[in-house]
Amino acid sequence: MNAIELSHINKNFGAFAIQDLNLAVPSGTICGLVGENGAGKSTTIRLLMGALRPDSGTARVLGVDVSSPAFREAKEDIGVVMDEAYFPETMNAAQVGKMMALTYRRWDMGLYRQYLRRFELPEAKAFKDFSRGMRMKLAIAVALSHQPKLLVLDEATAGLDPIVRDEVLEIFNEFTREEDHSILISSHILSDLEKLCDYIAFIHQGRLLFCEEKDLLLEKYGILTDTAEQVEALRPEAVVAREPSGYGGVRCLVRRDLAPAGFQLERPTVEDIILFLVKGAKEQ
């Protein structure tokens with residue numbers, strides 16, 4: 001079963017539109033949603049959670065249509081962390097836990113306190129006095145403490161220092177060791193997604209350009225750094241995008257299956273691929 005299914009989703013805002021968006025995230029996997037600012041990542045997540053209604057198309061989460069009355073019940077199984085954490089300013093973490101116990105039927109107060117200790121969050125300090133990083137850690141603790149099957153994370157690691165961010169990624173990995181647990185995470189920190197994700201979905205100007213297994217994606221492309229003459233000798237369709245390199249050379253993203261045998265291609269990172277694909281789209 002797919003944890004998430006978006007089928008032919010369209011949403012027009014006038015100056016910007018989500019166009020024929022199709023995305024499936026298999027149950028038990030982690031999918032990273034990437035794209036530049038304004039590409040449509042947060043809009044996609046809001047459509048997925050029923051906070052926005054599409055003009056056309058359907059969205060299903062954990063097998064439930066998000067437009068149906070049954071989705072309200074399904075939300076018990078979804079932990080959500082948006083790019084800003086919102087709790088009453090005067091509440092402290094202990095009071096937030098008591099409020100959540102009245103909100104979720106499967107709220108686990110013991111687990112919540114474990115996360116507060118693990119994240120070194122003070123129970124008595126008012127939320128208004130939390131730093132951005134502390135606020136995000138509290139939101140993550142809440143999202144994990146009502147025993148969800150799906151985590152939907154929109155820039156959930158933003159504002160965390162590298163050490164805490166690494167710990168949070170490990171917690172997300174632990175979460176998906178259960179076969180029916182899944183994660184959709186958007187982030188600008190592509191190195192995090194490369195470490196964490198099974199799938200990478202790339203959205204650009206409201207269109208999903210691809211959703212592929214990360215390992216297959218990294219095998220699909222290579223980086224060639226050579227002279228302009230050598231690059232010109234390649235088949236045009238082999239070169240996805242290019243940029244100047246030092247001493248008059250050229251650095252480009254190449255499709256391995258279209259490159260001649262014997263060319264020395266570096267293994268790209270996810271960030272390399274995304275940046276070159278954006279560059280290629282702008283050149284078209």
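**A quick look at rings, cysteines and one glutamate**

F130 is tucked away: its relative accessible area is 6%, so F130 counts as buried. Keep in mind as you look around that this is a predicted model. F130 also belongs to a cluster, joined through ring pairs with F87 and F127. Below is a short tour of that cluster, another ring pair, the cysteines, and a loop residue called E76.

**Aromatic rings**

- How many aromatic pairs does the structure hold? The count is six.
- One of these pairs is F13 with F16: the ring centres are 6.3 Å apart and the planes sit at 20°, which falls under the 30 degrees cut-off, so this pair is stacked.
- F13 has 42% relative accessibility, so F13 is classed as partly exposed.
- F16 comes in at 23% relative accessibility, so F16 is partly exposed too.
- Then there's F127 with F130: here the centres are 5.9 Å apart and the planes are at 50°, so the pair is called tilted. Why tilted? An angle of 50° is neither under 30 degrees nor over 60, so the pair lands in the remaining class.
- F127 is buried, because its relative accessibility is just 2%, under the 20% limit.

**A charge over a ring**

- Which residue has its charged end over the ring of F127? That's R135, whose charged end lies 4.3 Å from the ring centre.
- So F127 turns up in a few places: F127 is buried at 2% relative accessibility, F127 is in the ring cluster with F87 and F130, and the ring of F127 has R135's charged end over it.

**Cysteines**

- If you go hunting for disulfides, the count is zero.
- C31 is an example of a cysteine in no disulfide: its nearest cysteine sulfur belongs to C211 and is 4.2 Å away. A disulfide needs the sulfur atoms within 2.5 Å, so C31 and C211 don't make one.
- C31 is buried, because its relative accessibility is 1%.
- C252 is buried as well, with a relative accessible area of 0%.

**E76 and its contacts**

- Where is E76? You'll find E76 in the loop that runs between helix 2 (70-74) and strand 6 (78-81).
- Is E76 buried or exposed? Its relative accessibility is 11%, so E76 counts as buried.
- Leaving aside residues up to four places away in sequence, E76 touches T103, Y104, R105, R106 and H146.

Definitions and conventions: Residues numbered from 1 in each chain as written. Predicted model: local features only at pLDDT ≥ 70, side-chain atom pairs only at ≥ 80, totals over all residues. Heavy atoms only, no water. Phe/Tyr/Trp six-rings, centres within 6.5 Å; stacked < 30°, edge-to-face > 60°. Buried < 20%, exposed > 50% of the residue type's maximum accessible area, 1.4 Å probe, protein only. Lys NZ or Arg CZ within 6 Å of the ring centre and 35° of its normal. Helix = DSSP H or I, 4+ residues; strand = E, 2+ residues; numbered from the N terminus. Contact = heavy atoms within 4.5 Å.
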